Amino acid sequence: MIVYELNQADHITRTEGDWSEVTDRVVGRPIWDYVRDAGLVEVYQYLFDKVRQDGAGLSCGYRCDTPSHIQRMRLHIRPLEQRAIQVASEVLERIERPSPVVAISVERGFALALRCSICARYGRSQDWADLAEAAASDWLDTDRPIRVYHGICPDCREGILG
Ligand SMILES: [Zn+2]
(Lines give C-alpha, C1' and ligand atoms only; values in the text may rest on other atoms or scores of the structure.)
Protein backbone atom coordinates (compact mmCIF):
# COMPACT_ATOMS: atom_id res chain seq x y z
CA MET A 1 0.00 0.00 0.00
CA ILE A 2 1.27 3.43 -0.95
CA VAL A 3 0.05 6.29 1.25
CA TYR A 4 0.82 9.95 0.75
CA GLU A 5 -0.51 13.36 1.70
CA LEU A 6 -0.77 16.27 -0.68
CA ASN A 7 -1.06 19.96 0.10
CA GLN A 8 -3.54 22.20 -1.74
CA ALA A 9 -1.10 22.46 -4.68
CA ASP A 10 -0.78 18.66 -5.02
CA HIS A 11 2.76 18.60 -3.66
CA ILE A 12 3.67 15.60 -1.51
CA THR A 13 4.02 16.52 2.17
CA ARG A 14 4.22 13.11 3.84
CA THR A 15 4.41 9.43 2.94
CA GLU A 16 3.68 6.11 4.63
CA GLY A 17 3.59 2.45 3.72
CA ASP A 18 5.56 1.38 0.66
CA TRP A 19 6.65 4.95 0.09
CA SER A 20 8.07 5.52 3.60
CA GLU A 21 11.55 4.57 2.38
CA VAL A 22 11.54 7.16 -0.39
CA THR A 23 10.16 10.00 1.74
CA ASP A 24 13.32 12.09 1.43
CA ARG A 25 13.20 11.90 -2.32
CA VAL A 26 9.51 12.53 -2.95
CA VAL A 27 8.48 15.07 -0.31
CA GLY A 28 8.11 18.51 -1.89
CA ARG A 29 7.61 17.14 -5.40
CA PRO A 30 4.29 17.36 -7.21
CA ILE A 31 2.41 14.08 -7.36
CA TRP A 32 2.17 14.55 -11.13
CA ASP A 33 5.86 13.62 -11.38
CA TYR A 34 4.78 10.09 -10.48
CA VAL A 35 1.48 9.72 -12.30
CA ARG A 36 2.58 9.33 -15.90
CA ASP A 37 -0.50 7.94 -17.58
CA ALA A 38 -2.41 10.85 -19.14
CA GLY A 39 -5.74 9.17 -18.60
CA LEU A 40 -4.99 8.54 -14.94
CA VAL A 41 -3.93 12.16 -14.42
CA GLU A 42 -7.35 13.23 -15.64
CA VAL A 43 -9.11 10.81 -13.30
CA TYR A 44 -6.93 11.67 -10.28
CA GLN A 45 -7.45 15.40 -10.83
CA TYR A 46 -11.17 14.91 -11.01
CA LEU A 47 -11.24 12.79 -7.83
CA PHE A 48 -8.91 15.13 -5.87
CA ASP A 49 -11.12 18.10 -6.78
CA LYS A 50 -14.22 16.21 -5.81
CA VAL A 51 -12.86 15.27 -2.37
CA ARG A 52 -11.72 18.86 -1.74
CA GLN A 53 -15.05 20.30 -2.82
CA ASP A 54 -17.27 17.81 -1.04
CA GLY A 55 -15.07 17.59 2.05
CA ALA A 56 -15.82 13.87 2.09
CA GLY A 57 -13.66 10.85 1.38
CA LEU A 58 -14.19 8.40 -1.43
CA SER A 59 -12.69 5.23 -2.75
CA CYS A 60 -12.77 3.69 -6.17
CA GLY A 61 -11.32 0.73 -7.95
CA TYR A 62 -9.32 0.97 -11.14
CA ARG A 63 -6.99 -1.05 -13.32
CA CYS A 64 -3.34 -0.20 -13.72
CA ASP A 65 -1.88 -2.77 -16.07
CA THR A 66 1.66 -3.32 -17.18
CA PRO A 67 2.62 -5.29 -20.29
CA SER A 68 3.38 -8.32 -18.12
CA HIS A 69 0.73 -8.02 -15.40
CA ILE A 70 -2.90 -7.16 -14.86
CA GLN A 71 -3.26 -5.12 -11.67
CA ARG A 72 -6.50 -4.34 -9.91
CA MET A 73 -6.02 -1.32 -7.67
CA ARG A 74 -8.08 0.56 -5.17
CA LEU A 75 -7.68 4.24 -4.39
CA HIS A 76 -8.87 5.83 -1.14
CA ILE A 77 -8.87 9.61 -0.84
CA ARG A 78 -9.86 11.61 2.22
CA PRO A 79 -9.81 15.32 2.96
CA LEU A 80 -7.42 16.86 5.51
CA GLU A 81 -7.25 20.45 6.75
CA GLN A 82 -6.62 23.38 4.40
CA ARG A 83 -7.52 21.53 1.22
CA ALA A 84 -4.84 18.92 1.82
CA ILE A 85 -5.76 15.33 1.07
CA GLN A 86 -4.54 11.86 1.98
CA VAL A 87 -4.34 9.29 -0.77
CA ALA A 88 -3.88 5.55 -0.27
CA SER A 89 -3.50 3.23 -3.20
CA GLU A 90 -3.43 -0.51 -2.77
CA VAL A 91 -2.95 -3.37 -5.16
CA LEU A 92 -5.87 -5.76 -4.70
CA GLU A 93 -4.75 -8.31 -7.22
CA ARG A 94 -1.79 -8.82 -9.51
CA ILE A 95 -2.10 -11.44 -12.22
CA GLU A 96 0.60 -12.41 -14.66
CA ARG A 97 -0.58 -12.22 -18.23
CA PRO A 98 -0.74 -15.61 -19.94
CA SER A 99 0.77 -14.27 -23.16
CA PRO A 100 2.41 -11.08 -24.43
CA VAL A 101 -0.13 -8.39 -25.11
CA VAL A 102 0.44 -7.00 -28.57
CA ALA A 103 2.42 -8.19 -31.53
CA ILE A 104 3.90 -5.25 -33.38
CA SER A 105 4.62 -4.86 -37.05
CA VAL A 106 5.97 -1.43 -37.71
CA GLU A 107 5.33 -0.71 -41.35
CA ARG A 108 1.61 -0.34 -41.57
CA GLY A 109 0.91 2.71 -39.49
CA PHE A 110 -1.03 2.77 -36.28
CA ALA A 111 -4.41 1.57 -35.22
CA LEU A 112 -6.01 3.77 -32.60
CA ALA A 113 -7.45 2.16 -29.51
CA LEU A 114 -9.45 3.90 -26.83
CA ARG A 115 -8.73 2.63 -23.33
CA CYS A 116 -10.75 3.36 -20.22
CA SER A 117 -8.45 4.82 -17.55
CA ILE A 118 -10.42 3.30 -14.72
CA CYS A 119 -11.27 -0.27 -15.71
CA ALA A 120 -8.59 -0.59 -18.43
CA ARG A 121 -11.04 -2.06 -20.92
CA TYR A 122 -10.75 -1.15 -24.58
CA GLY A 123 -13.72 -0.03 -26.52
CA ARG A 124 -15.78 2.13 -28.75
CA SER A 125 -19.25 3.52 -28.04
CA GLN A 126 -21.12 0.65 -26.37
CA ASP A 127 -18.55 -2.13 -26.95
CA TRP A 128 -16.01 -2.44 -24.13
CA ALA A 129 -13.84 -5.45 -23.40
CA ASP A 130 -10.55 -6.63 -21.94
CA LEU A 131 -7.66 -6.41 -24.35
CA ALA A 132 -7.69 -10.13 -25.17
CA GLU A 133 -11.40 -10.03 -25.96
CA ALA A 134 -11.12 -6.77 -27.85
CA ALA A 135 -8.24 -8.12 -29.90
CA ALA A 136 -10.38 -11.09 -30.91
CA SER A 137 -13.19 -8.81 -32.02
CA ASP A 138 -13.39 -7.25 -35.45
CA TRP A 139 -13.43 -3.66 -34.22
CA LEU A 140 -9.94 -3.52 -32.71
CA ASP A 141 -7.33 -3.80 -35.43
CA THR A 142 -4.40 -5.74 -33.95
CA ASP A 143 -2.60 -6.35 -37.23
CA ARG A 144 -1.03 -2.96 -36.82
CA PRO A 145 0.70 -1.48 -33.78
CA ILE A 146 -1.79 0.07 -31.47
CA ARG A 147 -1.53 3.63 -30.27
CA VAL A 148 -3.59 3.97 -27.13
CA TYR A 149 -5.51 7.04 -26.17
CA HIS A 150 -7.41 7.46 -22.96
CA GLY A 151 -10.92 8.08 -21.90
CA ILE A 152 -13.53 6.86 -19.50
CA CYS A 153 -16.03 4.22 -20.54
CA PRO A 154 -19.80 4.77 -20.05
CA ASP A 155 -19.99 2.28 -17.13
CA CYS A 156 -17.20 3.96 -15.16
CA ARG A 157 -18.45 7.43 -15.94
CA GLU A 158 -21.82 6.50 -14.50
CA GLY A 159 -20.44 4.52 -11.57
CA ILE A 160 -17.65 6.76 -10.35
CA LEU A 161 -17.79 10.20 -11.85
CA GLY A 162 -21.55 10.40 -11.38
ZN1 LIG B 1 -14.28 1.79 -17.55
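Colleague: In what order do the elements of the chain run from the N terminus on?

Modeller: The model is a predicted one. Its secondary structure comes to four helices and nine strands. Read from the N terminus on, these elements follow the order β-β-α-α-β-β-β-β-β-β-α-β-α.

Colleague: What is the strand order of the open sheet of five strands?

Modeller: The pairing in this open sheet is antiparallel. Strand S2 (12-17) and strand S3 (58-63) are the edge strands, since each pairs on one side only. From one strand to the next, the twist averages 20°. The order of the five strands is S2-S1-S5-S4-S3.

Colleague: Over how many bridges do strand S4 and strand S5 pair?

Modeller: Strand S4 covers residues 69-79 and strand S5 covers residues 85-96. Leu 75 stands opposite Ser 89 in S5. S4 and S5 pair in the antiparallel sense, and the count is 11 bridges.

Colleague: What angle does the direction of helix H2 make with that of S4?

Modeller: Helix H2 spans residues 38-54 and packs on the sheet. The strands H2 touches are S3, S4 and S5. Relative to the direction of S4, that of H2 makes an angle of about 25°.

Colleague: What percentage of the residues of the chain count as buried?

Modeller: A residue is buried if 20 or more other C-beta atoms lie within 10 Å of its own. The chain has 162 residues, and the part that counts as buried is 17%.

Colleague: Among contacts between residues at least 6 apart in sequence, what percentage join residues at least 24 apart?

Modeller: A contact here requires C-beta atoms within 7 Å. Taking contacts in the chain between residues at least 6 apart in sequence, the part joining residues at least 24 apart is 48%.

Note on methods: Residues are numbered from 1 along each chain as its sequence is written. This is a predicted model: local features need pLDDT of at least 70, side-chain atom pairs count only at pLDDT 80 or more; totals for chains, interfaces and linings use all residues. Helices (H or I, at least four residues) and strands (E, at least two) are DSSP runs, numbered from the N terminus. A residue is buried if 20 or more other C-beta atoms lie within 10 Å of its own, exposed if 12 or fewer, and partly exposed in between; C-beta atoms are placed from the backbone. Two residues are in contact if their C-beta atoms, placed from the backbone, lie within 7 Å. Two strands pair if DSSP finds at least two bridges between them. Axes are lines fitted to C-alpha atoms, for helices over the stretch in contact, and angles run from 0 to 180 degrees between N-to-C directions.
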